[in-house]
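Biologist: I'd like to go through this one with you and ask how each label was earned. Can you bring it up?

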Amino acid sequence: MLLELEKECLEVYCRKVDQASHARARLHQSLADKEAELAFLIASIGDRNLHSQPEKRSGTLKEQLAIITPQLEELRLRKEERIKQFTEVKGQIQKISGEISGYSQRNDVLLNSINGEDDDLSLRKLDEYHAHLQALQKEKSDRLHKVLEYVNEVHRLCAVLGMDFWKTVSEVHPSLPESAPGQTKNISNKTLEGLSQTIQTLKNEKKLRIQKLQDLGTSLVELWNLMDTSMEERERYRNVVCNLGALDNEVTSAGSLALDIIDEAEVEVERLNLLKASKMKELVLKKWIELVEICRRAHMEPDASTAPEKSNALIDAGMVDPSELLANIESQILKAKEDVVSRKEIMDRIEKWLAACEEESWLEDYNRDENRYSASKGAHINLKRAERARVTVTKIPALVENLKAKTRAWEEEKGMPFVYDGVRLLAMLEEYTFARQEREEQKKRFRDQKRLQEQFLTEQEALFGSKPSPNKNHSIKRVQGLRANGSTTPTNRRLSMGGAMISGNFDLTPRVNGITPRHNGIGKDGRRRPAAPLNYVAICKEDTVSLPSVAGSELGSP
């Protein structure tokens, strides 16, 4: 009985010992698991120095479990909080990355990504994610500003071109015109590239329209000037011609390059061209008159091939395009204006020469006036003018030589002769110089003849004495009559020569190739031409009287 009781007690004791061993083992396992989890959490969160290591703990297993369990619960809470932080940061990173790349990942993919990467939940890793998030946010902000800048540029270009802005940007991405609440504009690379291409397309279209509108504006201005269009009609197309010569960035008015404006300008140009064709003869005549007037003022000869008679005949026969004919006359007008500028200096000197020749002619007429020294009204004015005229006449040779030098230099530079009213100026100047030299020689011969006649008269008076001649007065009247009509009597050759010299009716008009290019200084078109003065021989009053006196004495002598 005792043995059985002892055996039972031994069995109970063994069971209790086994139970205690198992309980102790479970406590050891639980403590080890919690310590391992604690170490893992500490390693994951990165807070290794916040709690003491397991080997440093003391006390029973239950006491150790009671100490480690709160720490483990705290770390678990901190882990969940850290996971939420990582989830939030990664969610923002994922969202912004999706906006930049143009697509977005689902939340379950994001959670799987985070759960698979929860080994490192340290603050260092969280700071790295925050830094990456800030970089992405900055890139998003830059992209958003760039998108807005592109959208504003598209809006400005569409306003100038008169295009639909909403339709244009919607073709790039639907979120660009206006975004729904909570929805941002798409900032992906594809959107930026699409906006850039759209802007480039709009700029190219703007250049083409500006060029087209400027061409139409130039044509309108030319046609208006040809047609003498009123300012009221021109005002309708002011927005077309106001951009002539403007650069691309200077055309900013809304609707200034709209297609309807260009279409209206094209229709107007086409209408004016049809009207121009019907009035081409009138326009050609108008331009020809302008050309003739420019040539007349510059003493040039216009091209006779474009005269109205020939032009009208060619137009009626269909042998020439009226536009080409008009362009030819316009080119002649431009060339004539250039010639006027290049000839101006020489033309001014020609005017001075002509004025000096007129003064010389007036002075010769004044010297032949028998009453020039009388006390009549205005005689003193003529005396002063005569003094000024004599000074001017003395400058004529130098003026002519200077004009020759300028003319030669002009001809060498241009490679063509300087023509004045159809006659080469150098030929006219040479002829004028030759005629002036002949006049001086005639004056010298006349003085020599007068001296010989006076000598002969003195000798006659010494031999026969002074005797009045009955033919003296008659001879004087005959010579004075010669001055009026230039005729002589064949009975006395000497007298006729003297009368011819006195009359001054030598033909001193410049001749080129045997042809006289003018008559008495007046051309066939009624314009004054540079001619040598009509009265080259300046004879004093005493000389005029003495010659017929001697001739009369000689005729009356036995």
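**Labels and their cut-offs**

Modeller: Sure, let's start with Y13, which sits in helix 1 (residues 2-45); helices here are DSSP runs of H or I, at least four residues, numbered from the N terminus. Bear in mind that this is a predicted model, where local features need pLDDT of at least 70, side-chain atom pairs count only at pLDDT 80 or more, and totals for chains, interfaces and linings use all residues. Residues are numbered from 1 along each chain as its sequence is written, and side-chain values use heavy atoms, with hydrogens and water left out.

Biologist: Why is Y13 called exposed?

Modeller: Its relative accessible area is 55%, and exposed means over 50% (buried is under 20%, partly exposed in between; 1.4 Å probe, protein chains only). So Y13 counts as exposed.

Biologist: And why is E268 called buried?

Modeller: E268 has a relative accessible area of 7%, so the buried label applies. E268 lies in helix 9 (residues 259-278).

Biologist: What makes the E268 and Y237 pair a polar contact?

Modeller: Their side chains come to 3.1 Å, and the rule asks for a pair of N or O atoms within 3.5 Å; within protein, one must be able to donate a hydrogen and the other to accept it, and residues adjacent in sequence count only if both atoms are side-chain atoms.

Biologist: Which residues is E268 in contact with, leaving aside neighbours within four places in sequence?

Modeller: L220, W224 and Y237, where contact means heavy atoms within 4.5 Å.

Conventions
Helices (H or I, at least four residues) and strands (E, at least two) are DSSP runs, numbered from the N terminus.
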